[in-house]
Amino acid sequence: MLSDQPIHSITHGNLTIEGYSRAAVQTYWRIPELKLGFDLGAQPWVFMGTPNWFVSHTHIDHIMGLPTYVARRRMMKMSPPTIYLPEQAVGGIQRILREVSRLDRGRLPCELVGLKPGEEVELSRELVVTCSATEHRVPALGFIVWERRRKLNPEFSHLTGEQIRDLRLSGTEVTTEIRIPIVAYLGDSAPGGLDHCPAMFEAKILILELTFVAPRHRREKIHRFGHMHLDDLLERRDRFQNELIIASHFSVRYYDGEIRRHVERAVPDMLGGRLHLWV
């Protein structure tokens, strides 16, 4: 049987969150129903069909699987994927792909799209992804996936369907766009990456890093290197409106059981059952 990269999975509502994340090892996530993924620290074979990837930053454990992913799609005669990443990283990734292509003697076709904080990507009529600034040692972004809906403006609520149609045909805007944050992805970041983006606390599903959980590790140093500590989560517990909070990217200093012990001791209610540890 073909051996593949490790994958954990959880379903919340109509969305499936799949992937794996361990600091300094590899990080990759995908949500198949949305046809998108976050970070490419490795590339499980079953993720190959996902066409859109949002890369938070270019540390090796978050980007190393990119050439493999692009090469596999070309080999299987699939369309070139689109990779969204911090704009400062585009030139470097282009050079890496050129050198890998030269060594491999095979093309690596993909579209690299550089993004800045505050920009957005329209994936479909129903889905938009916005990006926010995070705090890490290299240029880094967080991402929010929004569901878009159209709501009839209140002043037209008394009209019939035909009257609303006629207004629309005449050029009158009869609806207003409503955006609902459904998935937030922090990437690697000190707590400021959360604090500067309120939608992180409002999305139905939040995927965040929680690299350090033991009391012995000092937060000042952790923040300086662009990561979070369990105490940062506790200080913000009243701000989390999310239905599901996935904590991940734990340091390799900890065994899985040690992670659970530290977190369950500090957060016995697991934030009302919403906190899920990706171990």
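**Salt bridges, internal spaces and a nonpolar patch**

In this predicted model, R236 counts as buried because its relative accessibility is 12%, which is under the 20% limit used for that class. The partner of R236 in a salt bridge is E235, with 3.7 Å between the closest N and O atoms. E235, in contrast to its buried partner, counts as exposed, with a relative accessibility of 55%. The two residues also belong to a wider network of salt bridges, in which D195, R219, D232, E235, R236 and R239 are linked. Side chains of opposite charge can pair when their charged atoms come close. In total, 16 salt bridges are counted.

A second arginine worth a visit is R148, which is buried at a relative accessible area of 13%. On one side, the side chain of R148 meets that of E122 in a salt bridge, at an N to O distance of 3.1 Å. This contact links distant parts of the chain, 26 residues apart, since E122 sits in strand β8 (residues 120-122) and R148 in strand β10 (residues 141-152). E122 itself counts as exposed, with 56% relative accessibility. R148 also forms a salt bridge with E177, here at 3.6 Å from N to O. E177 lies in strand β11 (residues 175-185) and R148 in strand β10, so this pair ties together parts that are 29 residues apart in sequence. With a relative accessible area of 31%, E177 is partly exposed.

Turning to enclosed space, how many cavities of 30 Å³ or more does a search of the whole structure find? The search returns 1 such cavity, and the largest cavity holds about 40 Å³ of space. Its lining consists of S21, T27, W29, Y185, G187, D188, I207, L208, E209, S248 and H249. Two elements, β3 (26-31) and β12 (205-209), each give two or more residues to this lining. Of the elements, β12 contributes the most, with 3 residues. By class, the residues around the largest cavity comprise 4 nonpolar, 5 polar and 2 charged.

Open pockets offer further volumes to examine. The largest pocket contains about 410 Å³ of space. It is lined by 19 residues, and those closest to its centre are T211, F212, F225, H227 and R253. The lining of the largest pocket is a mixture of 6 nonpolar, 7 polar and 6 charged residues. The second largest pocket has a volume of about 200 Å³. Around this second pocket stand H12, G13, N14, L15, E33, L34, L127, E147, I182, K204, I205 and E243. Sorted by class, its lining has 5 nonpolar, 3 polar and 4 charged residues.

On the surface, which residues make a nonpolar patch of about 300 Å²? The patch is made by W45, M75 and M76. M76 is found in the loop between α2 (66-75) and β6 (82-86). M76 counts as partly exposed because its relative accessibility is 44%, a value that falls between the limits of 20% for buried and 50% for exposed residues.

Definitions and conventions. Residues numbered from 1 in each chain as written. Predicted model: local features only at pLDDT ≥ 70, side-chain atom pairs only at ≥ 80, totals over all residues. Heavy atoms only, no water. Patch = residues over 30% accessible without salt bridge, like charges linked within 9 Å, V, L, I, M, F, W, Y side chains within 5 Å. Areas by Shrake-Rupley, 256 points an atom, 1.4 Å probe, with all protein chains shown as cover. Salt bridge = Lys/Arg side-chain N within 4 Å of Asp/Glu carboxyl O. Helix = DSSP H or I, 4+ residues; strand = E, 2+ residues; numbered from the N terminus. Buried < 20%, exposed > 50% of the residue type's maximum accessible area, 1.4 Å probe, protein only. 1 Å grid on protein atoms, 1.4 Å probe; cavity = no way out; pocket = protein on both sides within 12 Å on 5 of 7 lines; lining within 4 Å. Points joined across faces, edges and corners; volume = space filled by probe spheres on them. Nonpolar A, V, L, I, M, F, W, Y, C, P; charged D, E, K, R; others polar.
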